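Please take a moment with the sequence and the structure shown here, and then follow one strand and its surroundings before turning to a place on the surface.

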2 protein chains.
Amino acid sequence: VYKAVNPLIGKAVSRRIIGFRAGGDITRYIDVVAEKAVLDSVKRNKVNCTLISEEMGVKKLGNEQEVYLVVDAVDGTTNATRGLSFVSTSIAASEVNRFSGIESAVVMNLIDGGTYTAVKGEGSKFNGVRIAPSRRRDLSYAVVSVDLSKSPTSVDVVTPLLKEVGALRALGSAALEICHVASGKLDAYVDVRNKLRTTDIAAATLIIKEAGGLILQPDGEPLRDVNLTEVNRFSLVAAGNKRLFESIRRLLKSKECSKGR
Amino acid sequence: VYKAVNPLIGKAVSRRIIGFRAGGDITRYIDVVAEKAVLDSVKRNKVNCTLISEEMGVKKLGNEQEVYLVVDAVDGTTNATRGLSFVSTSIAASEVNRFSGIESAVVMNLIDGGTYTAVKGEGSKFNGVRIAPSRRRDLSYAVVSVDLSKSPTSVDVVTPLLKEVGALRALGSAALEICHVASGKLDAYVDVRNKLRTTDIAAATLIIKEAGGLILQPDGEPLRDVNLTEVNRFSLVAAGNKRLFESIRRLLKSKECSKGR
């Protein structure tokens with residue numbers, strides 16, 4: 001994927017519209033090239049798998065499917081097509097058709113090749129070196145990434161949070177942002193738009209959990225343990241530690257309460 | 001600056017607090033190292049100049065000062081200290097002590113060395129190739145970067161804008177974000193916090209103007225033509241074209257009106 005996608009970043013051809021997906025999202029040239037790289041590699045290595053991806057949906061490869069591969073070939077398509085340097089690719093593997101079954105994961109930065117990996121029960125690494133999230137608890141000093149794009153209602157939900165964070169970021173690739181929370185480059189990541197797909201977060205979720213960070217629904221409940229082959233949408237908060245998570249949750253929750261009055 | 005700063009990015013030593021500035025901002029190790037690199041270079045090359053920078057303030061070098069150099073050695077200190085890949089350095093040169101006098105400018109991306117340059121009347125370049133801003137006029141498809149950090153009142157001012165933009169970003173280095181508008185990687189950049197300093201924007205302002213983009217106060221007035229040696233703060237909107245600027249201005253303005261009721 002890196003070899004196929006990296007040379008296309010910021011090039012006009014990358015954003016050529018190739019088709020439309022079931023959800024109404026646009027499929028661009030760069031997405032197709034990236035998924036083809038995954039598909040070719042899986043076929044070449046004769047991996048018997050159920051491949052789950054954004055563009056192709058669910059695809060069975062080989063005779064007896066031994067593994068579920070959940071793929072987001074390009075996360076940050078807008079950044080990639082515009083030439084903004086924040087783009088990633090995600091692959092997660094599970095023996096069972098459940099989100100909770102994911103046993104290994106990789107998220108690669110497609111700009112510089114930096115690679116996050118995790119194996120269940122064995123922790124997470126960046127470029128082979130163990131990582132841990134930040135211990136920063138004070139929201140007023142925290143660097144927090146929030147995705148608000150195309151979601152007017154979520155703007156209202158996060159407004160109190162926006163006013164409290166030390167430094168606000170919005171970088172445009174959820175998988176890489178969650179991994180940056182896992183490694184302490186960000187203190188938290190917030191997306192309450194209910195737009196993130198299983199493919200967007202499957203790999204990053206294992207990486208942040210194995211690093212020792214939190215990834216939960218905005219109300220503090222665990223992420224739903226969905227079937228990998230189903231289409232699902234998520235809202236979530238990833239945070240380096242419980243105290244910071246609670247500070248964020250309270251600010252989101254107080255807004256939800258005020259809406260109910 | 002690139003050679004001095006790049007190896008420090010994401011390293012713990014980079015964020016060591018060295019002192020406090022007049023404005024109450026913190027001075028970190030990485031800021032000091034970067035400014036020393038500028039100062040050493042200016043001395044080594046025997047440039048007779050008035051050097052204006054964040055940490056050192058106004059410093060006269062040589063016998064007869066022939067040029068004003070406006071320097072922001074590290075823009076994106078938080079990103080640099082946390083290891084987030086969006087950091088720049090800015091230098092602008094003027095023969096007179098006026099913002100409008102700036103004749104040449106450089107903004108370098110300290111992650112990959114990519115370099116924006118401009119000479120008054122001769123256009124702007126990225127890595128030596130002429131650049132132009134985007135012609136995207138429709139806000140609902142635009143990629144717009146907004147800085148909201150540590151400014152609760154500005155959150156309210158930009159809320160209507162946040163609800164309309166196609167893709168929202170907050171990248172953390174104003175100079176590089178303005179240059180990305182100049183080159184069409186972003187469609188617009190908005191900062192209504194009244195926090196940007198002359199040093200932050202002097203170089204990027206020439207670069208976006210020479211590229212053919214707009215940089216104005218949020219109400220559409222030109223940026224104030226201040227003395228370079230004075231301390232001033234700015235709010236601004238940079239946009240690729242007039243139509244997009246007007247769409248943004250209207251959304252900011254309508255909020256200001258509603259506050260007045």
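A residue is called buried when its relative accessible area is under 20%, and exposed when that area is over 50%. By this standard, in what is a predicted model, strand β6 of chain B is mostly covered, with 6 of its 7 residues buried.

The neighbours of β6(B) in the sheet can be traced through its bridges. Strand β5 of chain B, residues 67-75, runs antiparallel to β6(B) and is joined to it by 6 bridges, and within this pairing V70(B) stands opposite A92(B). Strand β7 of chain B, which spans residues 102-109, is also antiparallel to β6(B), and here 7 bridges make the connection.

S88(B) lies in β6(B), the strand that covers residues 88-94, and N109(B) of β7(B) is the residue opposite S88(B). Because its relative accessibility is 0%, S88(B) counts as buried. Leaving aside residues up to four places away in sequence, the residues that S88(B) touches include D72(B), V74(B) and D75(B), as well as V107(B), N109(B), S173(B) and L176(B). With S173(B) there is also a polar contact, in which the two side chains are joined at 2.9 Å.

Chain A offers a view of the surface. F20(A), placed in strand β1 of chain A (residues 17-20), has a relative accessible area of 64% and is therefore exposed. Together with I17(A) and I26(A), F20(A) forms a nonpolar surface patch, and the accessible area of these residues together is about 310 Å².

Terms used
Residues are numbered from 1 along each chain as its sequence is written. Chains are lettered from A and ligands numbered from 1 in the order in which they are written. This is a predicted model: local features need pLDDT of at least 70, side-chain atom pairs count only at pLDDT 80 or more; totals for chains, interfaces and linings use all residues. Side-chain values use heavy atoms; hydrogens and water are left out. Helices (H or I, at least four residues) and strands (E, at least two) are DSSP runs, numbered from the N terminus. Buried means under 20% relative accessible area, exposed over 50%, partly exposed in between (1.4 Å probe, protein chains only). A polar contact is a pair of N or O atoms within 3.5 Å; within protein, one must be able to donate a hydrogen and the other to accept it, and residues adjacent in sequence count only if both atoms are side-chain atoms. Contact means heavy atoms within 4.5 Å. Two strands pair if DSSP finds at least two bridges between them. Patches are made of residues with over 30% relative accessible area and no salt bridge: like charges are joined within 9 Å, nonpolar side chains (Val, Leu, Ile, Met, Phe, Trp, Tyr) within 5 Å. Accessible areas come from the Shrake-Rupley method with a 1.4 Å probe; for residues, only the protein chains shown count as cover. A salt bridge is a side-chain nitrogen of Lys or Arg within 4 Å of a carboxyl oxygen of Asp or Glu.
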